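Work through these exercises with the model open in your viewer. Each task is followed by a stepwise solution.

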Amino acid sequence: MRQIPVDTNGATLMVAQPPQTKMRDKRNGVIATDRETGHTLVTVDVLFVMNGNAEVITVTVAEPDISGELVMGTPVAITGLVAVPWENELNGQKRHGIAFRAVAVTSLAAGASQPKAA
């Protein structure tokens with residue numbers, strides 16, 4: 001499968017929707033997992049702003065590779081972001097798009113790496 005690296009240098013990135021568990025089969029409740037590690041996959045909607053243009057992209061990442069609290073509006077850094085073109089046919093309808101996958105999504109909010117007080 002072809003992966004196209006995405007340069008995030010110079011972009012402003014912030015959480016549009018917090019992480020949600022990615023489902024492989026919603027009807028049967030099957031959770032998506034990483035093929036190599038077996039970790040649960042999650043999706044994070046991220047507002048990607050660059051050169052005066054803004055777009056919300058959905059980024060898939062393994063659950064352990066999210067650091068800090070990712071609530072709406074949290075500035076983030078995305079490590080190893082790639083775009084993966086896809087195409088399929090379902091019930092005679094051809095569909096296509098671009099999926100985004102990352103190695104890690106890290107909160108840039110002040111104190112994000114500090115433990116929370118009990």
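**Exercise 1. The whole chain**

Among contacts in the protein chain between residues at least 6 apart in sequence, what percentage join residues at least 24 apart? Then describe the chain as a whole.

Solution.
- Note first that this is a predicted model.
- The share of such contacts that join residues at least 24 apart is 58%.
- Next, list the elements. The chain has 11 strands and zero helices.
- Now take the extent. The C-alpha trace spans about 50 × 40 × 25 Å along its principal axes.
- Finish with the surface. About 8,200 Å² is exposed, and carbon and sulfur atoms supply 50% of it.
- Of the 118 residues, 27% count as buried.

**Exercise 2. The open sheet**

Work out the strand order of the six-stranded open sheet, and find its edges.

Solution.
- The order is β1-β9-β10-β6-β5-β2, with mixed pairing.
- The edge strands are β1 (4-5) and β2, each of which pairs on one side only.
- Check one edge. β1 runs antiparallel to β9 (residues 82-90), and two bridges join them.
- Pro5 has Val82 as its bridge partner in β9.

**Exercise 3. Two buried strand residues**

Locate Ala16 and Thr43, and decide for each: buried or exposed?

Solution.
- Ala16 sits in strand β2 (residues 12-21). Thr43 sits in strand β5 (residues 41-50).
- The cut-off for buried is under 20% relative accessible area.
- Ala16 has 18% relative accessibility, so Ala16 is buried.
- Thr43 has a relative accessible area of 17%, so Thr43 is buried too.
- Now list contacts, leaving aside neighbours within four places in sequence. Ala16 is in contact with Asp45, Val46, Leu47, Val56 and Met72.
- The partners of Thr43 include Pro18, Pro19, Thr58 and Val59.
- One further pair to check: the C-alpha atoms of Ala16 and Gly73 are 6.2 Å apart, although 57 residues separate them in sequence.

**Exercise 4. The salt bridge**

How many salt bridges does the model hold, and which side chains take part?

Solution.
- The count is one salt bridge.
- Arg101 and Asp34 form it through their side chains, at 2.6 Å from N to O.
- Arg101 belongs to strand β10 (residues 93-101) and Asp34 to the loop between β4 (30-31) and β5, so the pair ties together parts 67 residues apart in sequence.
- Compare their exposure. Arg101 is partly exposed at 28%, whereas Asp34 is buried at 15%.

**Exercise 5. Strand β8 and the core**

Which residues of β8 are buried, and where does Val76 fit in the nonpolar core?

Solution.
- Read along β8 (residues 76-79). Val76 and Ile78 point to one face and are buried.
- Ala77 and Thr79 point to the other face and are not buried.
- Now find the strand partner. β8 runs antiparallel to β11 (residues 104-107), with four bridges joining them. Ser107 is the bridge partner of Val76 in β11.
- Turn to the largest nonpolar core, which has 18 residues. Val46, Val59, Val76, Ile78 and Leu81 have the most contacts inside it.
- β2, β5, β6 (53-62) and β8 each supply at least two core residues. β5 gives the most, with four.
- For context, nonpolar side chains tend to be buried together in soluble globular proteins.
- Close with Val76. Beyond its neighbours within four places in sequence, the contacts of Val76 include Leu13, Met14, Val15, Val46 and Leu70. Val105 and Leu108 are also among them.

Key. Residues numbered from 1 in each chain as written. Predicted model: local features only at pLDDT ≥ 70, side-chain atom pairs only at ≥ 80, totals over all residues. Heavy atoms only, no water. Buried < 20%, exposed > 50% of the residue type's maximum accessible area, 1.4 Å probe, protein only. Contact = heavy atoms within 4.5 Å. Salt bridge = Lys/Arg side-chain N within 4 Å of Asp/Glu carboxyl O. Pairing = 2+ DSSP bridges. Core = buried A, V, L, I, M, F, W, Y, C linked by side-chain atoms within 4.5 Å. Areas by Shrake-Rupley, 256 points an atom, 1.4 Å probe, with all protein chains shown as cover.
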